[in-house]
Amino acid sequence: ISVNPQSLEDHVLTAIGRRHTARDVEEAMALATGMGFPHVNMDLIAGLPEDTPEGFRRTLDKCLSYGADNITVHTLSLKKGSRILLENFTIPSAEAVGEMLDYAVRYGRLLMASLPTFILQNLFQSFFVTAEKPHLGFAFTVAAGGTNMVLDVLLVGMLHGGVEGAAIATVVSQLFSGLLCTWWFFTRVEGIHFTRENCVLSAGHCGRLAYIGLPMGFEYSVSAIGAFIMQDAINLLGSTAVAAQTAGEKIRQMFTVPMASVGTAMATYVGQNHGAHRTDRVRQGIRDGCILQLCYCAAAWVVLFFVKGWAVGLVLGDADPAVTSGAVEYLTVISVLFCINGLLMVFRNTLQGLGYSVQAVISGVGELIGRALCGWLAVHSLGYFGICIANPIAWGLALLYCVFMVTRVLKKENA
């Protein structure tokens, strides 16, 4: 959703005819968070009447402190008959507007500067999975998160560093985690030496990594299109359905993240044994992975059966009973079908480990079709229940394709 204050300076809001105050915006953001909306956008306008560069900085700093996922900064555009022009309000100069925009741009530039550290951190996170040391990746991630929080308090809260302080905190925390990972990699892994020969770029390896990795990214993009279509259907069912599904989905994701982690481990395991021509171990890994996922799904269902009401209350707080009931219904339905997602993670990542990432894109098409179909049925016949089963149907269609492809590939290799 979007919460668009345009400014958080009360005298500026009065000048442009807004009937809300900065306090109202703060309460709206708290309500949006309490209702379980996962993504909140805020719009600001640079160059509003009676505003100053200092006032705009205060507004942007406050928006960042609210935790908005996206902040869009526009510049003021006036029509001939605008009340602002007719009543001769004081409009900031072009230079002042430039200062406002420069302040917003500085935050973005600092975050872009953090991309190398972000890539470094994620590169070694993948290595920890391959080396069967995921606990180290978790520990270093926690260290980065703790560093970020401490620096946010210091740079933004105590030193009033504003957007630069928030951006610097993010960059430094990611760099800290990346350096920890690098230190461990070069000091604790046998046979790894930082030599000139090891730093030579290999076009063949780059091409192979791109062939495996890029299609999987594209597959997730295709799957996301289906989520957008389903979201449109949810919106048509009304605000109660939107809030209920959003809260339920947030809790669902918390329980299914471990399934995705098992899938990532499967891709590594299958890739290693496929390279060693150990098809027998690949089959064993698939079997054990499925058993592990099914056991976890059963345990997750039991936990949700007893705590789903409490979990929904924790996310929504004192919300509309209809919203709470809808979120509980969503979790009741989808938790029974967690096993489909668990098995999909095994077979989809097995397909990637076997080197068939391009073919895995088609599984994303299956998810797109499943979500689009359930979205249409929700609007025309099934109602909210159609939204509850949309993800499981999408997972099921993708799973059918992945099982077919994995079975076909393994039979071909045994022939």
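Trainee: In helix 2, how many residues apart are Arg23 and Glu26?

Mentor: General idea before the case: side chains of opposite charge can pair when their charged atoms come close. In this predicted model, Arg23 and Glu26 sit 3 residues apart in helix 2 (residues 22-34), so about one helical turn separates them. They form a salt bridge, with the closest N and O atoms 3.4 Å apart.

Trainee: And which side chain meets Glu27 in a salt bridge?

Mentor: That's Arg23 again, at 3.4 Å from N to O. Arg23 and Glu27 are 4 residues apart in helix 2, so here too the separation is about one helical turn. Put the pieces together and you get a network of salt bridges linking Arg23, Glu26 and Glu27.

Trainee: Are the two glutamates buried or exposed?

Mentor: In between, as it turns out. Glu26 is partly exposed, with a relative accessible area of 35%. Glu27 is partly exposed as well, at 44%.

Trainee: How many salt bridges does the structure hold?

Mentor: There are 9. Have a look at Arg57 and Glu99, whose side chains meet in a salt bridge at 3.7 Å, N to O. This pair links distant parts of the chain, with Arg57 in helix 3 (residues 53-65), Glu99 in helix 5 (residues 94-113), and the two positions 42 residues apart. Arg57 counts as partly exposed at 25% relative accessibility, and Glu99 is partly exposed at 38%.

Trainee: Let's turn to the nonpolar side chains. Which residues touch the most other members of the largest nonpolar core?

Mentor: The general idea is that in soluble globular proteins, nonpolar side chains tend to be buried together. Here, the largest nonpolar core has 54 residues, and Ile251, Ile286, Phe338, Leu344, Phe347, Tyr384 and Ile387 touch the most other members. Several helices supply at least two residues each to this core: helix 9 (203-236), helix 10 (239-275), helix 11 (279-316), helix 12 (321-336), helix 13 (338-353), helix 14, helix 15 (384-388) and helix 16. Apart from it lies another core, of 17 residues, including Val3, Val25, Leu60 and Met100.

Trainee: Take Leu344. What is it in contact with, leaving aside neighbours within four places in sequence?

Mentor: With that filter on, Leu344 is in contact with Asn349, Glu367, Trp395, Ala398, Leu399 and Cys402.

Trainee: Which residues form a nonpolar patch on the surface?

Mentor: Ile362, Val365, Ile369, Ile393, Leu397 and Leu400 do, with about 500 Å² of accessible area together. Helix 14 (357-382) and helix 16 (390-414) are the elements that give two or more residues to the patch. As an example, Ile369 is in helix 14. Patch members need over 30% relative accessible area, and Ile369 is partly exposed at 47%.

Trainee: Last one, the cysteines. How many disulfides does a search of the whole structure find?

Mentor: The count is 0. To read this feature, check sulfur-to-sulfur distances against the cut-off, within 2.5 Å. For Cys295, the nearest cysteine sulfur is that of Cys297, 9.3 Å away, and Cys295 is in no disulfide.

Trainee: And where is the nearest cysteine sulfur to Cys339?

Mentor: It belongs to Cys297, 6.0 Å away, and Cys339 is in no disulfide either. At 28% relative accessibility, Cys339 counts as partly exposed.

Technical notes
Residues are numbered from 1 along each chain as its sequence is written. This is a predicted model: local features need pLDDT of at least 70, side-chain atom pairs count only at pLDDT 80 or more; totals for chains, interfaces and linings use all residues. Side-chain values use heavy atoms; hydrogens and water are left out. Patches are made of residues with over 30% relative accessible area and no salt bridge: like charges are joined within 9 Å, nonpolar side chains (Val, Leu, Ile, Met, Phe, Trp, Tyr) within 5 Å. Accessible areas come from the Shrake-Rupley method with a 1.4 Å probe; for residues, only the protein chains shown count as cover. A salt bridge is a side-chain nitrogen of Lys or Arg within 4 Å of a carboxyl oxygen of Asp or Glu. Buried means under 20% relative accessible area, exposed over 50%, partly exposed in between (1.4 Å probe, protein chains only). A nonpolar core is a set of buried Ala, Val, Leu, Ile, Met, Phe, Trp, Tyr and Cys residues joined through side-chain atoms within 4.5 Å. Contact means heavy atoms within 4.5 Å.
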